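Please explain how this protein is put together, beginning with a detail on its surface and proceeding to the sheets and the helices that lie across them.

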Amino acid sequence: MYNICLLEDEEQLRNILSLYLSNEGFSVSSFADLNSAFDNISDNVDLYVIDIMLPDGSGFELMNKVKALNPSTPVILISARGDDIDKILGLEMGCDDYIAKPFMPRELVLRAKKLLARVPSSEKALENHIIKLGEYSIDTKKRIVFFNSEEIDLSSLEYDLLTYFVNNNSIALSRNKILKNVWGDNYFGSDRVVDNSIKRIRKKLPNINIETIYGYGYRLNK
């Protein structure tokens, strides 16, 4: 079961969002103010949903603390302001997704599912958070890749790309599908970024077999 922390000061919206998320099988802890959420930051939270405008401060403060403790913990920001400045600032600061009010509760559920599909739940990660990939070991809890006992320096995006291949072993993946699932719907650049990122991964992990499917995409063969 995935654990979600919801910080929203509007009581009616907070209750509705909590209900929708709970009905999808998530365990939801909801808070109305920044200080209460600060007191309940935990390694067992899989996703934070944070309203930016709060009575006792800014949701950016909580996001910064969450990301400082664990940069891989996903965060969805909520804002009532129509100005794109919150979205731009949030993305620059490291949020994983952004929703502007008003929105349908179902939209939050779908966005939460998409983000959580990329990371193991706290419960599952504690049970088995080490994935073997040939001579390499992937610690999904710490988001670290090892060769023997030596840590390999991967960027966060390179790690996400590698684990996406691992979770889709032996499946042919088009560049567009890789872009959508790793870079997300907000990316509008060239699909050449996939080729360049895979080139870097191959250089850092020369013993893995990511096969090029010319004119289509790539496939990982364990």
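Ile16 is partly exposed in this predicted model. Its relative accessible area is 32%, and the classification follows because partly exposed covers the range between under 20%, which is buried, and over 50%, which is exposed. The residue belongs to helix α1. Together with Leu19 and Tyr20, Ile16 forms a nonpolar patch on the surface, and the accessible area of these three residues together is about 260 Å².

Helix α1 spans residues 11–23 and lies across strands β1 (3–7), β2 and β6. Its direction is at about 170 degrees to that of β2. A further helix, α3 (residues 59–69), lies across β1, β3 (47–51) and β6. Helix α3 runs at about 160 degrees to β3.

The strands just named belong to an open sheet of 5 strands with parallel pairing, arranged in the order β2-β1-β3-β6-β7. At its edges stand β2 (27–31) and β7 (97–100); each has a single partner strand, so one side of each is left without a neighbour in the sheet. Neighbouring strands of this sheet are turned by 15 degrees against each other on average, direction ignored.

The pairing can be followed in detail at one end of this order. Strand β6, residues 75–79, pairs with β7 in the parallel sense over 4 bridges. In this region Ser79 stands opposite Ala100 in β7.

Strands of a sheet pair through backbone hydrogen bonds, and the pairing may be either parallel or antiparallel. The antiparallel arrangement appears in another open sheet, in which 4 strands follow the order β8-β9-β10-β11. Its edge strands are β8 (130–133) and β11 (150–152), each of which pairs on one side only. The twist from one strand to the next averages 30 degrees.

Within this antiparallel sheet, strand β9 (residues 136–139) is joined to strand β10 (residues 144–147) by 4 bridges. Here Asp139 stands opposite Ile144 in β10.

Which strands does helix α7 lie across? Helix α7, formed by residues 156–167, lies across β8, β9 and β10. The angle at which α7 runs to β9 is about 110 degrees.

In summary, the model contains an open parallel sheet of 5 strands, with helix α1 across β1, β2 and β6 and helix α3 across β1, β3 and β6. It also contains an open antiparallel sheet of 4 strands, with helix α7 across β8, β9 and β10. The partly exposed Ile16 contributes to the nonpolar surface patch with Leu19 and Tyr20.

Notes. Residues are numbered from 1 along each chain as its sequence is written. This is a predicted model: local features need pLDDT of at least 70, side-chain atom pairs count only at pLDDT 80 or more; totals for chains, interfaces and linings use all residues. Side-chain values use heavy atoms; hydrogens and water are left out. Two strands pair if DSSP finds at least two bridges between them. Helices (H or I, at least four residues) and strands (E, at least two) are DSSP runs, numbered from the N terminus. Axes are lines fitted to C-alpha atoms, for helices over the stretch in contact, and angles run from 0 to 180 degrees between N-to-C directions. Contact means heavy atoms within 4.5 Å. Patches are made of residues with over 30% relative accessible area and no salt bridge: like charges are joined within 9 Å, nonpolar side chains (Val, Leu, Ile, Met, Phe, Trp, Tyr) within 5 Å. Accessible areas come from the Shrake-Rupley method with a 1.4 Å probe; for residues, only the protein chains shown count as cover. A salt bridge is a side-chain nitrogen of Lys or Arg within 4 Å of a carboxyl oxygen of Asp or Glu. Buried means under 20% relative accessible area, exposed over 50%, partly exposed in between (1.4 Å probe, protein chains only).
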